Amino acid sequence: MDQLVNLTTHDGVAVIVINNPPVNALSPGVPEGLVAALDAAEKDPSADAIVIIGGGRTFIAGADIKELELAAAGRGSGPPEFHGILARIENTAKPVVMAIHGTALGGGNEVAMAGHYRVAVPDAQIGQPEVNLGIIPGAEGTQRLPRLVGVAAAVDLCVSGKPIRAPEALKLGLIDRVIEGDLLKGAVHFAREIAKEGAPLRKTSELSEKLGSEWVDASIYVAGRDQARRTRRNMLAPLKVVDAIEAAATLPFEEGCKKEREIFVECIQSDQARALIHAFFAERAVAKIPDIPKDMPVYNIREAAIIGAGTMGGGIAMACANAGIPVLLKEVEQAALDRGMATIRRNYENSVKKGRFSQEVMDQRMALIHPQLTYEGFERADLILEAAFESMDLKKRIFGELDKIAKLDCVLATNTSTLDIDEIASVTGIPRMVIGLHFFSPANVMRLVEIVRGKATSKPVVATALALAKKLGKVGVVVGNCRGFVGNRMMLPYMREAQLLVEEGATPEQVDRALYNFGMAMGIFAVDDMGGIDLAYRVRQEYKHLEKPGMRMPLVLEKLFHMGRYGQKTGAGWYRYDENRKPIPDPEVHAIIEKTAHEAGIPRRHISDDEIIERCIYIMINEGAKILEEGYALRAADIDVIYLTGYGFPGYRGGPMWYADTVGLKRVRDRIREFRAQHGEWWEPAPLLDKLADQGQTFAAWDAAHEHEMAVA
Ligand code: 3HC
């Protein structure tokens with residue numbers, strides 16, 4: 001038997017095991033192996049039934065996304081086609097029972113649904129997450145799923161892409177039994193029962209009771225498309241998947257499958273699918289650091305301590321508690337500590353109210369967070385993370401104190417978003433233990449952590465930070481120690497350009513609308529108002545010395561600051577805010593902008609949405625190219641991951657650097673040259689961008705070429 005698929009017999013049941021680590025994807029060879037095993041099992045007179053199970057940690061986690069990547073790029077032998085194997089499973093003359101543990105996702109669930117029966121362990125996860133890759137289920141999932149769970153549940157599962165656990169799958173009719181204890185044993189037992197009872201070989205493709213009727217289902221499709229537009233803004237696949245499910249309910253099975261195939265092929269050839277598949281692999285590549293092998297020993301973080309119970313410290317404490325790590329949370333004053341703990345409690349209470357977890361879980365998490373005013377217990381901590389006010393003097397003082405308290409193998413982290421890690425580390429006797437862990441607000445929710453590697457940071461400490469990020473359910477991206485690191489360094493010119501645009505003739509709401517329509521989670525002025533104009537102003541003061549001669553600096557922000565318009569917190573900033581914190585365009589701001597422009601002699605003109613996108617996004621790309629060339633990011637794809645997971649960049653555009661590739665680097669560079677001529681030196685194209693544009697290259701190709709010679713500066 002093929003190594004990817006093995007066949008054995010247990011108690012009169014043929015057991016087919018799929019062994020394609022790490023996740024038993026349906027790579028070439030697996031479907032063929034399955035067919036061969038089914039042929040043999042069917043012929044075996046000693047087997048009355050067949051169980052298909054995954055070897056290792058999981059059932060089948062889906063089609064092989066590497067194959068999909070090739071198909072999306074128009075290479076390889078075209079989009080994978082599973083019709084033959086699914087029909088073969090369904091038409092098997094003996095009962096086929098699918099035994100699920102780990103994840104049955106995408107093509108995995110589609111294979112499972114072709115079986116006659118399905119059983120699963122309680123924590124198995126089952127779902128159709130294809131929309132996350134910009135595609136729809138392409139192995140008859142949109143046709144079989146509604147036949148098993150009904151049209152409404154199928155629409156929800158496919159549009160949301162969210163997996164469900166076995167007990168819910170049982171309720172929906174997606175599986176037939178939850179097996180407590182040993183899955184193989186339970187599945188074999190179940191298969192024997194089925195064979196003994198002579199239960200029918202239930203073919204999902206022939207079921208129709210749950211398909212409803214055209215007029216009842218119509219409102220489900222409308223609601224599904226609304227859900228798609230609301231939760232997956234601007235995306236093609238989530239809308240299209242509803243069309244495919246509609247075909248299941250209105251067409252015979254075979255024709256529905258044809259329709260699904262057409263849509264699947266259309267989606268996989270889209271820019272959105274290419275971008276999202278890039279994002280999938282990029283998110284996994286960030287953990288691969290060339291000089292840090294996978295087996296590098298890491299420090300075990302059993303207990304953490306955090307300094308500062310403000311927004312960041314509190315959020316990080318929650319992230320630790322959510323992952324089961326006990327945390328000491330220190331503040332300097334009782335009032336601040338009480339405020340911090342009250343916020344944590346309120347956040348947890350909201351989650352309980354929304355049904356995200358139970359009161360019991362909340363109590364367990366609260367019990368893991370120990371508020372305190374002293375360093376008591378810090379000598380035990382495996383990780384101490386400083387999340388104090390952004391001031392170098394303060395941070396140096398704290399690290400000086402920590403140097404005396406922390407045990408020698410304690411990882412010392414700072415959550416600074418801008419300050420020099422090496423300077424902070426210099427006050428300790430163990431700079432190799434010092435690292436930046438830049439979380440994003442709200443830290444219990446946002447997935448990104450920039451892991452800032454200082455000059456002296458040791459490799460095991462970097463490996464520990466990566467492992468910790470994974471344990472916290474976050475994406476850790478290793479970056480070098482430059483001003484603003486990667487994310488904020490690119491954010492500054494983006495913000496500056498947006499502000500210059502309003503002084504030249506746009507309005508904050510026009511800029512925000514254009515960025516939002518481009519796909520950004522929020523417009524930049526709304527972001528500014530949320531973060532606080534006082535904060536933006538302070539950052540600006542701190543960066544003043546970096547301003548280059550000839551660089552035009554926007555003027556309005558300072559005026560808003562001096563007027564006390566700090567944003568949402570004062571009810572007014574770039575916008576006015578009502579009691580629901582809804583931003584309302586403010587004529588007063590328009591007047592200030594116009595007056596400022598007039599006084600500064602800036603001619604006002606009509607500004608198109610295209611110009612807004614080009615100026616804001618291209619300046620960011622240009623900075624990204626500099627960061628890459630200077631070695632502060634390992635890969636262009638790392639920059640993409642930072643922007644996708646921490647800055648609300650739309651996934652279906654793949655991140656700023658991927659987006660630049662899709663526009664074409666020559667076109668981006670040429671436009672940047674035009675902006676250079678119109679506006680000034682700060683638009684000088686980054687040398688790397690210039691070079692790649694001349695060579696007709698892409699950032700993705702640059703990544704591939706530099707795979708083996710990367711080191712963070
Ligand atoms: N194809 C190819 N490789 C895959 C894969 C897949 N479906 N799923 C995971 N991998 C790879 C990852 O790239 C990673 O490789 P690496 O070690 O070289 O970086 C390795 O498997 C482990 O993956 P994770 O690091 O993500 O492991 P986790 O344990 O954190 O998560 C998982 C496991 C939940 C299965 C997660 O990998 C996942 O969500 N995978 C994608 C599932 C999915 O989207 N399936 C649908 C595919 S599309 C499809 O089936 C189309 C069909 O309708 C025709």
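This is a short tour of a predicted model, stop by stop, with a selection to make at each one.

**Stop 1: the ligand**

Start by selecting the ligand together with the residues around it. The shell has 26 residues, and the closest are Arg57, Glu110, Glu130, Arg284 and Lys288. Show these five as sticks before adding the rest.

Now zoom in on the oxygen atoms of the ligand. An N or O atom in the side chain of Arg57 sits 2.5 Å from one ligand oxygen. For Glu110, the distance from a polar side-chain atom to an oxygen of the ligand is 2.7 Å. Ala63 takes part through its backbone: one of its polar backbone atoms is 2.8 Å from a ligand oxygen. How much of the ligand's accessible area does the protein cover? On its own the ligand has 990 Å² of accessible area, and the protein covers 76% of that.

Next, colour the shell by secondary structure. Helix H2 (65-72), strand S5 (103-105), helix H4 (107-114) and helix H12 (271-285) each contribute at least two residues. Which of the elements gives the most to the shell? That is H12, with three residues.

Then switch to colouring by residue class. Around the ligand you will find 14 nonpolar residues, along with seven charged and five polar ones.

**Stop 2: the largest cavity**

Leave the ligand and turn to the enclosed spaces. Rolling a probe the size of a water molecule over the atoms shows where empty space is left. In this structure there are two cavities of 30 Å³ or more.

For the largest cavity, select Ile301, Leu383, Val411, Ile435, Leu437, Val461, Thr464, Ala465 and Leu468, which form its lining. Strand S15 (434-439) and helix H18 (459-471) are the elements that give two or more residues to this lining. H18 has the largest share, with four residues. The space inside comes to about 40 Å³.

What is the make-up of this lining by class? Eight of its residues are nonpolar and one is polar, with no charged residue.

**Stop 3: the second largest cavity**

Keep Leu383 and Leu468 on screen, as both line the largest cavity and also appear in the lining of the second largest one. Add Ala304, Ile306, Ile316, Cys320, Leu385 and Phe439 to complete the second lining. The volume here is about 30 Å³.

To see where these residues come from, display strand S10 (304-307), helix H13 (311-322) and strand S13 (383-386), the elements that give two or more residues to the lining of the second largest cavity. By class, this lining has eight nonpolar residues and no polar or charged ones.

**Stop 4: an open pocket**

Move on to the second largest pocket, with a volume of about 260 Å³. There are 17 lining residues, and the ones closest to the centre of the pocket are Pro31, Glu32, Pro80, Glu81 and Phe82. Two or more residues come from each of helix H1 (30-43) and helix H3 (83-90). H1 supplies the largest share of the lining, three residues.

Colour this lining by class too: it has eight nonpolar, five polar and four charged residues.

**Stop 5: an aromatic pair**

Select the rings of Phe, Tyr and Trp next. The model has 13 aromatic pairs. One of them joins Tyr117 and Phe190, whose ring centres are 6.0 Å apart. Why is this pair classed as edge-to-face? Its ring planes meet at 65°, and planes over 60 degrees apart count as edge-to-face.

Zoom out to see what the pair connects. Tyr117 belongs to strand S6 (residues 117-120) and Phe190 to helix H8 (residues 183-197), so the pair ties together parts that are 73 residues apart in sequence.

**Stop 6: backbone details in two loops**

Finish with the backbone. Most residues other than glycine have a negative phi, and most peptide bonds are trans. The sites below depart from that pattern.

Select the loop between strand S2 (13-18) and H1, where Pro22 lies. The peptide bond from Pro21 to Pro22 is cis, with omega near 5°. Asn24 is also in the loop between S2 and H1. Although Asn24 is not a glycine, its phi is positive, at about 55°.

For the last selection, go to the loop between S15 and strand S16 (448-453), where Pro442 is found. Ser441 and Pro442 are joined by a cis peptide bond, with omega about -10°.

Methods. Residues are numbered from 1 along each chain as its sequence is written. This is a predicted model: local features need pLDDT of at least 70, side-chain atom pairs count only at pLDDT 80 or more; totals for chains, interfaces and linings use all residues. Side-chain values use heavy atoms; hydrogens and water are left out. A residue is near a molecule or strand if one of its heavy atoms lies within 4 Å of it. A polar contact is a pair of N or O atoms within 3.5 Å; within protein, one must be able to donate a hydrogen and the other to accept it, and residues adjacent in sequence count only if both atoms are side-chain atoms. Accessible areas come from the Shrake-Rupley method with a 1.4 Å probe; for residues, only the protein chains shown count as cover. Ala, Val, Leu, Ile, Met, Phe, Trp, Tyr, Cys and Pro count as nonpolar, Asp, Glu, Lys and Arg as charged, and the others, Gly among them, as polar. On a 1 Å grid over the protein atoms alone, a cavity is a set of points where a 1.4 Å probe fits but cannot get out, and a pocket is an open set with protein on both sides within 12 Å along at least five of seven lines; lining residues have an atom within 4 Å of a point. Grid points are joined across faces, edges and corners, and a volume is the space filled by probe spheres set on the points. Rings of Phe, Tyr and Trp (its six-membered ring) pair if their centres lie within 6.5 Å; planes under 30 degrees apart count as stacked, over 60 as edge-to-face and the rest as tilted.
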